[in-house]
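Thank you all for coming; I would like to take a few minutes to walk through one chain, beginning with the overall fold and then turning to individual residues. Please have a look at the sequence and the structure before I start.

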Amino acid sequence: MKVACVGGGPAGLYLSILLKSRDPSHEITVHERGPEGSTYGWGVTYWRALLDRLHEHDPASARALDAHSVRWNEGTARVRGQVTRRPGDEGFGIGRHRLLEILADRARALGVRLEFESAISADDLPDADLVVAGDGVRSALRGRYAEHFGTEVTDGRNPYIWLGTTQVFDSFTFAFVETGHGWIWCYGYPFDAGRSTVVVECPPETRAGLGLDRMPEAAGLAVLEGLFADVLEGHPLIGRSDGAAGAQWLTFRTVTNRTWHRGNLVLLGDAAHTTHYSIGAGTTLALEDAVALAGALGTRAALPHALDRYERERKAALLTAQSAARHSAQWYENLTRYIDLPPERMFALLGQRHSPLLPYIPPQLYYRLDQAAGRLESLRRFKRWLGPRLARAAHARELSSRD
């Protein structure tokens, strides 16, 4: 099979690795419009389950990923000068540059052709048996056929900015700061021996009240360094990992598509779907897309049937993550509902923010129910039964209100 992957992100590179390692006769080219090593981004997160799965599918790249990742197993929250720590699942961080370098090196070693500074026009697709649109949330290939794909893009409410720092956190760290214009918060995690990622978020009125929506970048970073001085401990915030100026405030774009393929063109990763950054699943879901697509193509079924299988499998698998992402984003958008709880309770509910049940129960009552559920299996089963039903009903009302 001749395969052209458009976009040199984790999904396209990993797909090329899986296809080439399973059948060296495949002719695979990855087209990336930027120069090699020019990607923007700090660290990405993933969890033990993904690493175990990658070891199953391509041990060589999984070993390299494992070796270059940092780990944590605690979370820390800072609110009004109080610090709360909680144990958690083992998490991993790795620099986006290093992740792409590992995958690119592995792909080259297998015989995949990597073409950088190779922009592909949506009106002039490569001559290939399969064209993979892995060109991100603003996918030009998807946009060219948006009506066919049934693309919907929804902008979130809160602005956020993606930054780095030389402060190396020893845990996944949250900090919430009250200002005269409302709350602003950040979370940070390490991704190598000398740097961490910091994501700052706030309501739009807080950003406007602080003047962050109109300040030059250097002035804005200075304001944020002052607000988060306790957690940064004198370390600076850095705007761009590639040395360029102009780190931007954004609003998260949730992308969904009614179908993921058209003829021999198929969507992969953020081109097919996005989930809110606050659940830290973007890279994981992109790599899992690649695993599923490689598996479907490996059945030797006719291409339309293989692409149908891939789409069905991934849409079903994404339901839980998409629900968690919606509720996580809503938790932050409704922060004042939780921020005045005792710190240990607020942090416990921060950890429960994916729950579809939480928005419908007073926070103090939910905390007590959650503590009881830890002791009573019958209550745990009731929570698992009721939560998704409330979430589906609320989501259906939300969709109908758009019509």
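What percentage of the contacts in the protein chain with a separation of 6 or more comes from residues 24 or more positions apart? The figure is 71%, and I should say at once that it was computed, like everything else today, on a predicted model.

Let me set out the overall architecture. The secondary structure of the protein chain consists of 14 helices and 15 strands. With a radius of gyration of 22 Å, close to the 22 Å that the globule rule gives for 403 residues, the protein chain is therefore as compact as a globular protein of that length. If you follow the C-alpha trace along its principal axes, the spans come out at about 60 × 50 × 40 Å.

Now the surface and the charges. Of the 403 residues in the protein chain, 50% are buried, while the area that the protein chain exposes is about 18,300 Å², with carbon and sulfur atoms supplying 50% of it. The protein chain carries 47 positive and 47 negative charges, and the mean positions of these two sets lie 6 Å apart.

Turning to the interior, the largest nonpolar core holds 62 residues, and those with the most contacts inside it are Tyr14, Leu15, Val132, Leu293 and Tyr310. Helix α10, which covers residues 282-297, gives the most to this core, contributing 10 residues. There is also a second, separate core, made of 30 residues, that includes Tyr187, Tyr189, Met346 and Leu358.

Val132 deserves a moment of its own. Once its neighbours within four places in sequence are left aside, Val132 is in contact with Val3, Ala4, Cys5 and Val6, with Leu15, and with Val266 and Leu268.

I would next like to look at two arginines in loops. Arg80 sits in the loop between β4 (70-79) and β5 (82-95), and although Arg80 is not a glycine, its phi is positive, at about 50°. Arg80 has a relative accessibility of 48%, so it counts as partly exposed. Arg300, for its part, is found in the loop between α10 and α11 (303-333), and here too phi is positive in a residue other than glycine, with a value near 65°. Is Arg300 buried or exposed? Its relative accessibility is 63%, so Arg300 counts as exposed.

A further arginine, Arg48, belongs to a helix, namely α2, which covers residues 48-57. The relative accessible area of Arg48 is 31%, which means that this residue is partly exposed. Not counting residues up to four places away in sequence, Arg48 touches Glu90 and Phe92. His273 is 225 residues from Arg48 along the chain, and the C-alpha atoms of the two are separated by 23 Å.

Finally, let me come to a glycine. Gly263 lies in the loop between β14 (261-262) and β15 (265-267), and its relative accessible area of 61% is why Gly263 is described as exposed. How far apart in space are Gly263 and Asp230, C-alpha to C-alpha? The distance is 54 Å, for two residues that are 33 residues apart in sequence.

That is where I will stop, and I am glad to take comments.

Key: Residues are numbered from 1 along each chain as its sequence is written. This is a predicted model: local features need pLDDT of at least 70, side-chain atom pairs count only at pLDDT 80 or more; totals for chains, interfaces and linings use all residues. Side-chain values use heavy atoms; hydrogens and water are left out. Helices (H or I, at least four residues) and strands (E, at least two) are DSSP runs, numbered from the N terminus. The radius of gyration is taken over C-alpha atoms; the globule rule is 2.2 Å times the number of residues to the power 0.38. Buried means under 20% relative accessible area, exposed over 50%, partly exposed in between (1.4 Å probe, protein chains only). Contact means heavy atoms within 4.5 Å. Accessible areas come from the Shrake-Rupley method with a 1.4 Å probe; for residues, only the protein chains shown count as cover. Lys and Arg count as positive and Asp and Glu as negative; His and the chain ends are not counted. The place of a charge is taken as NZ of Lys, CZ of Arg, CG of Asp or CD of Glu. A nonpolar core is a set of buried Ala, Val, Leu, Ile, Met, Phe, Trp, Tyr and Cys residues joined through side-chain atoms within 4.5 Å.
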